[in-house]
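Trainee: Could you take me closely through the surroundings of the ligand, and then set that part in the context of the chain around it?

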Amino acid sequence: MSDAVLNQFTPQKKEKQIDTSKKLKFGIIGTGWIAESHVESLMKMPDVIIAAGADIIPGKAKEFFSRYGLNDVRCYESHTELLEKEELDAVCICTYNKTHAQCAIDALNAGVHVLLEKPMCVTTEEALAIIEAEKASNCLLSIGFQPRMDKNMQMIKKIVDSGELGKIYYIQTGGGRRRGIPNSTFIEEKTAGIGALGDIGCYSLDMVLNAIGYPKPLTVSGYKSAYFGTNPKYNNPEDAARFDVDDFAAAFIRLEGDIVLDFRIAWAMHIDTPGDTIILGTEGALRIPSTECWNGSIGGPLKIYKDVAGKQVEFEIPPEAEPGDGWGLFDMKLRSFADAIKENLEPPVPSSQILYNQAILDAIVRSAKLGHEVEVNLP
Ligand SMILES: NC(=O)c1ccc[n+]([C@@H]2O[C@H](COP(=O)([O-])OP(=O)(O)OC[C@H]3O[C@@H](n4cnc5c(N)ncnc54)[C@H](O)[C@@H]3O)[C@@H](O)[C@H]2O)c1
């Protein structure tokens, strides 16, 4: 039998054509570690010009772009100067968490589309101020959660949406590392604002909240600690001395729709994982295996538990492969943002959803400080 005959049963993959007649002018605000991934993804896109960049550390932006041979990129030492002097279509905000809100608000006020790195910001008040600027601007704002591009993550939502699990009433999520405390700007309140909560906690919340349609959080009883980050036995002594954020957090969260969420996250602890993510419904349950190095990824096949014809059965969902062709989740995050600008689409990861994610992180911090449950009051 010829290939032509056999191939009629194989769906032909249609490559999406990129329209290069309109090029988008991008700026990068903050040229540290994650900006590298942004630039590498943007450089793969034939309809994007990386026009300008800014970093508050003198000379850092220039040196950053020259590493990529991008010597024509105009560089500034403040994001405000970049926004004043450049006519950009979009910016990627790659600064540390504490300056996310100011940079995003200023960019939106300047009429520029914004891809804002995760976590959205540090507090609920900041998130609300960003959303106010977004509404007044007519610009697109998307938050940088690249696991949303993962087909396995998308499958979690498809399973919940299919109704196979029935009504969802309990979720256990989170994850963490036995030892994996970052350094640089991640470990100080003055730059990061929050620690493991903002670095990896926001991912695990997004995984389950997106799956169940982001119900409104109602109350949170939270706990946080820093027994490992501050201890020179477990952290480099210089980093331990300046460490003043959380390295572990846990919370019991009530959500609208009579759903409870049991959450925990760790940069360091004396166990390999605090458990898999599980979603319990009235008709079935889903297990999402945890990975040892939690960063928004899945540690194995998704497993569904149900009763079928009176028998308790379990089955696995075959995992989807990575996109391949050198085109990863980060590239898809940038591509989907550019496509949304060009085609006037909804933001790939909208602020209206991530507001609830941020409000939970913020409520965990508040509750941990007060030592009791707090209400989440959102307009
Ligand atoms: N999506 C992901 O996979 C991922 C991975 C790592 C980090 N991040 C996020 O990216 C952000 C940055 O992380 P990083 O590791 O690159 O940090 P970093 O400290 O390496 O880089 C941040 C840079 O921003 C600069 N900066 C701060 N305020 C500024 C301002 N107002 N204008 C211009 N520059 C400013 C700093 O000088 C620094 O060079 C964090 O919010 C982090 O959570 C996301």
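Mentor: What follows begins with the shell around the ligand and then moves outward to the domains and one helix.

This is a predicted model, and in it 27 residues surround the ligand, the closest being Gly30, Gly32, Trp33, Ile34 and Thr185. Helix α2, which covers residues 33-43, gives the most to this shell, with 3 residues. In chemical character the shell divides into 12 polar, 10 nonpolar and 5 charged residues, where glycine is counted among the polar ones.

The shell also draws at least three residues from each of the two domains, so it helps to say how the chain is divided, with the bounds coming from an automatic or database domain assignment. Domain 1 takes in 24-147 together with 330-349, while domain 2 takes in 148-325 together with 355-375. Their C-alpha centres lie 26 Å apart, and 20 residues of domain 1 are in contact with 23 residues of domain 2. On the side of domain 1 that touches domain 2, the elements giving two or more residues are α6 (124-137) and α11 (329-342), and the residues of that side divide into 12 nonpolar, 5 polar and 3 charged.

Turning finally to helix α12, residues 351-370, its 20 residues reach 28 Å from the first C-alpha to the last, close to the 28 Å expected at 1.5 Å a residue. Because 15 of those 20 residues are buried, α12 is largely enclosed by the rest of the structure, and the helix is followed by Gly371, whose phi is positive, near 80 degrees.

How values were computed. Residues numbered from 1 in each chain as written. Predicted model: local features only at pLDDT ≥ 70, side-chain atom pairs only at ≥ 80, totals over all residues. Contact = placed C-beta atoms within 7 Å. Helix = DSSP H or I, 4+ residues; strand = E, 2+ residues; numbered from the N terminus. Expected span 1.5 Å × (residues − 1). Buried ≥ 20, exposed ≤ 12 C-beta atoms within 10 Å, placed from the backbone. Near = placed C-beta within 6 Å.
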